[in-house]
Amino acid sequence: MTLRRDVLAAVDADRGSFRPALAALLDEYDLALGRAPTPVDHPDDRTEREARFVDRLGALDDAPIGLTLTGPAYRDTPIVYVNRWFRERTGYPLDALRGRNPRLFQGPDADEGARADFREALSTWSAVTVELRNRRRDGAPFANRVTLRPLFGDAGTVTHWVAAQEPRPIEGSDAGVE
């Protein structure tokens with residue numbers, strides 16, 4: 001497996017299974033998540049389920065990949081939480097991201113094929129992995145491989161989406177992974 005897939009599986013683990021899954025991640029990938037998780041303020045309208053996912057992503061704030069939790073597609077997939085690693089990579093504070101659609105990272109050179117793959121995954125409630133070229137808050141480009149995974153509720157419908165992003169080299173750049 002890959003760190004991306006294993007982290008996403010841990011986030012979606014059954015109750016009581018997250019802590020053992022997190023311990024396995026730390027061991028298998030030799031991760032040192034030294035800083036304390038970012039204290040997360042849970043608004044009154046946040047469900048227990050959503051709070052659990054936010055707390056799980058907060059526990060992975062310093063994993064060497066970005067993590068994003070969004071709400072359901074029928075609400076335009078608003079960002080609920082992004083881990084510290086991704087906030088630092090993009091230059092956005094959490095308050096500037098919460099409630100916005102992840103399209104805000106797209107630049108004018110967005111890959112139409114990747115966007116179509118995302119739309120199809122959202123409409124069919126399926127996972128997808130794509131390579132994207134996005135923009136930081138200051139407009140600088142960055143590339144990442146994004147795996148998007150639906151999170152199903154008890155009724156069998158998608159309640160949230162979780163994405164893991166890992167840096168990739170920008171095509172045509174001799175600088176490698178920026």
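From the N terminus on, the elements of this predicted model follow the order α-α-α-β-β-α-α-α-β-β-β. In total, the secondary structure amounts to six helices and five strands. The radius of gyration is 16 Å, close to the 16 Å that the globule rule gives for 178 residues, so the protein is as compact as a globular protein of that length. For a reader who likes to picture the box, the C-alpha trace spans about 45 × 35 × 30 Å along its principal axes.

The contact pattern and the surface can be taken together. Among contacts between residues at least 6 apart in sequence, 50% join residues at least 24 apart. Of the 178 residues, 44% count as buried. About 9300 Å² of the protein is exposed, and carbon and sulfur atoms supply 49% of that area. As for charge, there are 25 positive and 29 negative side chains, and the centres of these two sets lie 2 Å apart.

Turning to the interior, the largest nonpolar core has 32 residues. Val7, Leu60 and Leu69 are the residues with the most contacts inside this core. Two or more residues each are given to this core by the helices α1 (3-11), α2 (18-28), α3 (48-59) and α5 (94-97), and by the strands β1 (66-70), β2 (79-82), β4 (141-152) and β5 (158-168). The largest share, five residues, comes from α1. Val7 is a convenient place to start when inspecting this region: leaving aside its neighbours within four places in sequence, Val7 is in contact with Leu25, Leu60, Ile65 and Leu67. Leu60 thus appears both among the residues with the most contacts inside the core and among the partners of Val7. A second, separate core is also present; it has 11 residues, including Ala121, Val128, Trp161 and Ala163.

One further position is worth a look on screen. Gly113 lies in helix α6, which covers residues 112-124. Is Gly113 buried, partly exposed or exposed? Its relative accessibility is 38%, so Gly113 counts as partly exposed, given that buried requires under 20% and exposed over 50%. Gly113 can also be placed relative to Val130: the two residues are 17 apart in sequence, and their C-alpha atoms are 9.1 Å apart in space.

Key:
Residues numbered from 1 in each chain as written. Predicted model: local features only at pLDDT ≥ 70, side-chain atom pairs only at ≥ 80, totals over all residues. Heavy atoms only, no water. Core = buried A, V, L, I, M, F, W, Y, C linked by side-chain atoms within 4.5 Å. Buried < 20%, exposed > 50% of the residue type's maximum accessible area, 1.4 Å probe, protein only. Helix = DSSP H or I, 4+ residues; strand = E, 2+ residues; numbered from the N terminus. Contact = heavy atoms within 4.5 Å. Rg over C-alpha atoms; globule rule 2.2 N^0.38 Å. Areas by Shrake-Rupley, 256 points an atom, 1.4 Å probe, with all protein chains shown as cover. Lys, Arg positive; Asp, Glu negative; His and termini not counted. Charge placed at Lys NZ, Arg CZ, Asp CG, Glu CD.
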